[in-house]
Structure formats: C-alpha cells, structure tokens
Amino acid sequence: AKGTDQSVLEKKDSPPDSIIVDKKPTNKLQEETSASSATKSFWQPFAIFSDEARRENQHNKNRISTTSYNISFQTYGYSLADLSTNMTLFDSIFNNSDAPKTSTIAWPNLTTAAFYEGRLHSGFRNQMMVFTILILDTVQKGFGQFLLQSVLMKDTYGTNMNVRFAGIWDIEHWNSFYPQLPRLVDADKILHDQWENNNWRRLKNTTTTAAGEEVTSVRFTNADNSYLTEKPHHPKGFGKQSYLFLQYLRYAKGTGPYTISGGRHPAEILMLTSALRPSPFIQSIIDEKLQSLTTEVQEEAINYNTTRTSSTDTMVYNNNNASNAIEYITLHARVEPDMQKHPLCPLVKVRNLTEVFRFMETKWPDPPAPRIFMPVNRDLLEREGAPGVWKKQLHEKKEVNWIAVENLKALNDARDYGLWGGRVKVFELGSNMFKETKFDRRRQIAGAVLNFFVSVNAKIFIGTEVSTYSHDLLATRFYRGLMENYKYLPDGLHDWTPPGLDDPPGFRC
C-alpha cells in the first residue's frame, strides 16, 4: 500500500441530510443524476468493490489499485501506515471484501452500526418495533451494515434468556435486499475491534478534580488500548430501548424523524412485506402445521358433502378443494391477566373472551371459515385461571382473578367444542410447537414468531387497538394487500382497514 495516493482511499461522499425517498419501494437501483448532486435517492447503492477491483485483489493483495477501489479505511480509523505495517488488518479487509452479500461476513468498505444496549427486551413485537427504529436510523445515517450480536432477543414470558437474532430470522434472505436494507453481519475482530464477546470493550478511567473529588469516566477501546473514543465507533453504537420504543410510537402515528411525508418508511414496508421472515427451521414448522390442517379440513369437507341431507344445508367449507390452502380467521383476543390489569386505554378494552366470541357470531351468522386461529398466551391465563390455582386461592382466602378463570374456561370450551354451535374449530400453536426441539428452552419467543406469521396469512384478522402485536399484524397484512381486518370494541366488531387508507392505523394508546 506504500506510495498509494491517499485520496483514493477516502470514503465516498456520505449521504447528505436531505434524502429523497419514494413512497413505494422498488427493486430497481437508482443512480445519482449528477456527481455534484446535493441529494441522493434512498435506493442509491452503498459503495462496493467493482468487478475489476475484485480481480485485481485476487492477483495481488499487497497492492491497492488507484483506479478501482473506494474503501472507507479512514472511517474505521485506519491510515495507510496502519495498512503497510499490519498485514493481518490488510488481509482481513481484502478477504472480507470477497464475501457474498447474503453472507454475514462484514464488508470492509461499509461502516457498521450496532445497538448500544446489546439486547432487546419486553414483548416480542415491542422488541421488533425497537429493531425497526434501529434499522431506520441505520439507513438514515448511511451505514451499510448492522451488527447481529448487538440485537440479542429475549425469551420474554418464558426463560427470559437471550436468543440469537440469527436463530430466529432468515438472515441470508434479509441480506439479499441490500442495498435497500443494511446487511446484518457478524462481529469481525479486525473491523469491529471495540466489540468483543457480545459486548463493548470499555476502559474505566478515574481522575481526581482540584476539589479532591474522584470522577470515573468510561471510554471505548480496542484490545491493546491504542484506540480510545468517548463513544463506540468500531462498530458505531447508538440507542436505548426506552427511547427507541417511544420513537416508534411517534413514527406509527405519522410524526417524528423517520416518517416519509407522514407515512411509513419504505425500509419498514420492505421489512413487513418480504425482507423479514422466520428462519428456515421455524418456517418448516409453520408449513408442516398448516399443511396438516389443510388436509384435515379437506377431509371434513368431503365427509360433509357426502353426509348432508339437504341442498340448503349451510356450507362451512367455502368449496375448499385439493388445490386450496386452509382458510381460517385469526382472532387476537388480548385478554390475558397482564393486559386485563394494564391501565392502557380502558375505554376500548374488552376483558371478557365470551363477549368477543359473541361479537363474531353476531356479525357472521354463517361462519366465514372452518377454523379460527387464536395466538394467545395460554401460560399466562393458566397461571391465574386454572382450577388448581383458583381453588387453592379460595382455600387460602386469597383474591381470585375470576375474569381469568372465565376466560380460560371460554378458551378451553372453544378449543374442545368449537364455535357457531361446533361448526368451527379453534386451534392454537405457540410455544408448545417447539417442545423437544432446539428451541425447547427458548419456546416463548419462537412460539411468538410462529404465531405472528401464521396470523398474517389468515383470510380474516380480528384484533384490538390496545395491543402492539395486533397493530403490527394489521400493518403487515395492510402492506401485503390483505384488507379484511376488524377490531373489537365494547360495542362489537368494526372495520379496521376501510377503503381509502394510504397507511395502516398506528398504535395510539
């Protein structure tokens, strides 16, 4: 690298403050209309190695072509002197540059962002709302990569243990959407030298003021303490979950720095429609269960057509045939004890599950589908509503949560005997689908992901305004063109996505 003109190694112009973003995403990459343009399209590709540069790299790793490369060494704090004396650094940079974009190997010519706290927490969809803002901020600041190890997920309501993001999601598929979305990459000991063992390298420094007071400060460092910064830069760390969650609530209402003319950001729309999907293992369980239900319903339809005594008998099966997947309603009835006690939006809550069932049977005297899927946290209901629990509480003269008792009984009756007089069966999935699998000790988070993506593809969705989970389901279905969506309120079911909406309703509780 000696003697190379340093100007060719400087980082390509960073995205300006003003970014033009079309309302709808496109896969066609747009080019800058002028080298001196003051603005850049959102879909402008990040700088990558040219084919010529890759070939040159293979022939001679000790040489940097002055005509082919545009590498952000200076962004990482590396000088030409560093490159000429540190062959480990030099080789790492060039070896990584040849990795395919769908891999999780970090590219050296893209800067990397990371979640400062290193771990997501709270409920499943709350975690994903925070992740969404992290990605939107990464895009807005012009980073081309995001560090996977900094977004460990939490098995909330289960073990509360950490779960690898890459274990839950299909990262190879996500990375295929680069540069529309930043690549999700693993930590690299050379490029991300302020990060080690899923945490930041920190150096505490205690000084004494003139008044004799000891003051401790923390700086971020690499392995040999030769690179110290007030904030992490390798990778660039930012964000606290509480702040990011509030930013998402603002964003969902059409305000704040991440909206596009008051609407959803194209990066999030891409995440909702196609980029973010379950890992192949979780998806295989979803496919297997839905195929099993499809076969079951088809057999019921054949038996029904064989045994019905009158041509006027009401059809439940909607002419399902061997080429059609199962039709079902998703009912997200948020009636678990934690929401029952939560002070959020009391005027729009319905705490009694039997009431929600009645709303459905009133709206559709004849059931619109042969199955109802209920993504409900049965464990939470059973902790306060199971017979063994409330009988013990009565015996000990403790307060009984009778709403939980009634809701659990209503859920069990619907599962065992069906709704609409037994014509429609109710099924649950969730965490039990992962017993004796590799997710056996992380079943709650895996079950929540499975429930979400089964819910998305329902013929009809019914949810509640008081739940972020319901709102995320609504938004995902909206951008996928699935518009038969309802919300339940104390007076019954209401259309949640009437004609004329440009964006789905945001969470406002």
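## Report on a predicted model

Residues 24 or more positions apart account for 71% of the contacts in the chain with a separation of 6 or more. The model is predicted. Its chain holds 16 helices and 19 strands. Of the 509 residues in the chain, 51% are buried.

### A helix pair

Two packed helices are described by the angle between their axes and the distance between the axes. Here the pair is helix α15, residues 443–456, and helix α16, residues 468–479. Their axes come within 10 Å. They cross at roughly 45 degrees. That angle makes α15 oblique to α16, because it falls outside the ranges for roughly parallel, roughly perpendicular and roughly antiparallel. The crossing of α15 and α16 is right-handed.

Which residues of α15 and α16 make the contact? From α15 come Ala448, Asn451, Phe452, Ser455 and Val456. From α16 come Tyr469, Asp472, Leu473, Thr476 and Arg477. By class, the residues of this contact divide into 5 nonpolar, 3 polar and 2 charged.

### An open sheet

Strands β10, β11 and β12 form an open sheet of 3 strands, in the order β10-β11-β12. The pairing is antiparallel. Which strands stand at the edges? They are β10 (202–208) and β12 (228–229). Each has a single partner strand, so one side of each is left without a neighbour in the sheet.

β10 is joined to strand β11, residues 214–221, by 7 bridges. These two strands run antiparallel. Within this pairing, Arg202 stands opposite Phe220 in β11.

### A buried glutamine

Gln247 sits in helix α7, which spans residues 241–252. Is Gln247 buried or exposed? Its relative accessibility is 6%, so Gln247 counts as buried; the cut-off for buried is under 20%. Leaving aside residues up to four places away in sequence, Gln247 touches Ile133, Pro257 and Tyr258.

### Backbone details in loops

Two cis peptide bonds and two positive phi values are set out below.

| Residue or bond | Backbone value | Place |
|---|---|---|
| Tyr178 to Pro179 | cis, omega near 10 degrees | Pro179: loop between α6 (171–175) and β7 (183–185) |
| His234 to Pro235 | cis, omega about 5 degrees | Pro235: loop between β12 and β13 (236–238) |
| Ser122 | phi near 80 degrees | loop between β3 (112–115) and α4 (124–140) |
| Tyr157 | phi about 70 degrees | loop between β5 (153–154) and β6 (162–163) |

Take the cis bonds. One joins Tyr178 to Pro179, and Pro179 lies in the loop that runs between α6 and β7. Another joins His234 and Pro235. Pro235 is found in the loop between β12 and β13. Strand β12 is also an edge strand of the open sheet described above.

Now the positive phi values. Ser122 is a residue other than glycine, yet its phi is positive. How accessible is Ser122? At 28% relative accessibility, Ser122 counts as partly exposed. Tyr157 is not a glycine either, and its phi is positive too. Its relative accessible area is 35%, so Tyr157 is partly exposed. Partly exposed covers the span between the buried and exposed cut-offs, under 20% and over 50%.

Note on methods:
Residues are numbered from 1 along each chain as its sequence is written. This is a predicted model: local features need pLDDT of at least 70, side-chain atom pairs count only at pLDDT 80 or more; totals for chains, interfaces and linings use all residues. Side-chain values use heavy atoms; hydrogens and water are left out. Axes are lines fitted to C-alpha atoms, for helices over the stretch in contact, and angles run from 0 to 180 degrees between N-to-C directions. Helices (H or I, at least four residues) and strands (E, at least two) are DSSP runs, numbered from the N terminus. Angles under 35 degrees count as roughly parallel, over 145 as roughly antiparallel, 65 to 115 as roughly perpendicular and the rest as oblique. A crossing is left-handed if the near helix is turned anticlockwise from the far one by less than a right angle, and right-handed if clockwise. Contact means heavy atoms within 4.5 Å. Ala, Val, Leu, Ile, Met, Phe, Trp, Tyr, Cys and Pro count as nonpolar, Asp, Glu, Lys and Arg as charged, and the others, Gly among them, as polar. Two strands pair if DSSP finds at least two bridges between them. Buried means under 20% relative accessible area, exposed over 50%, partly exposed in between (1.4 Å probe, protein chains only).
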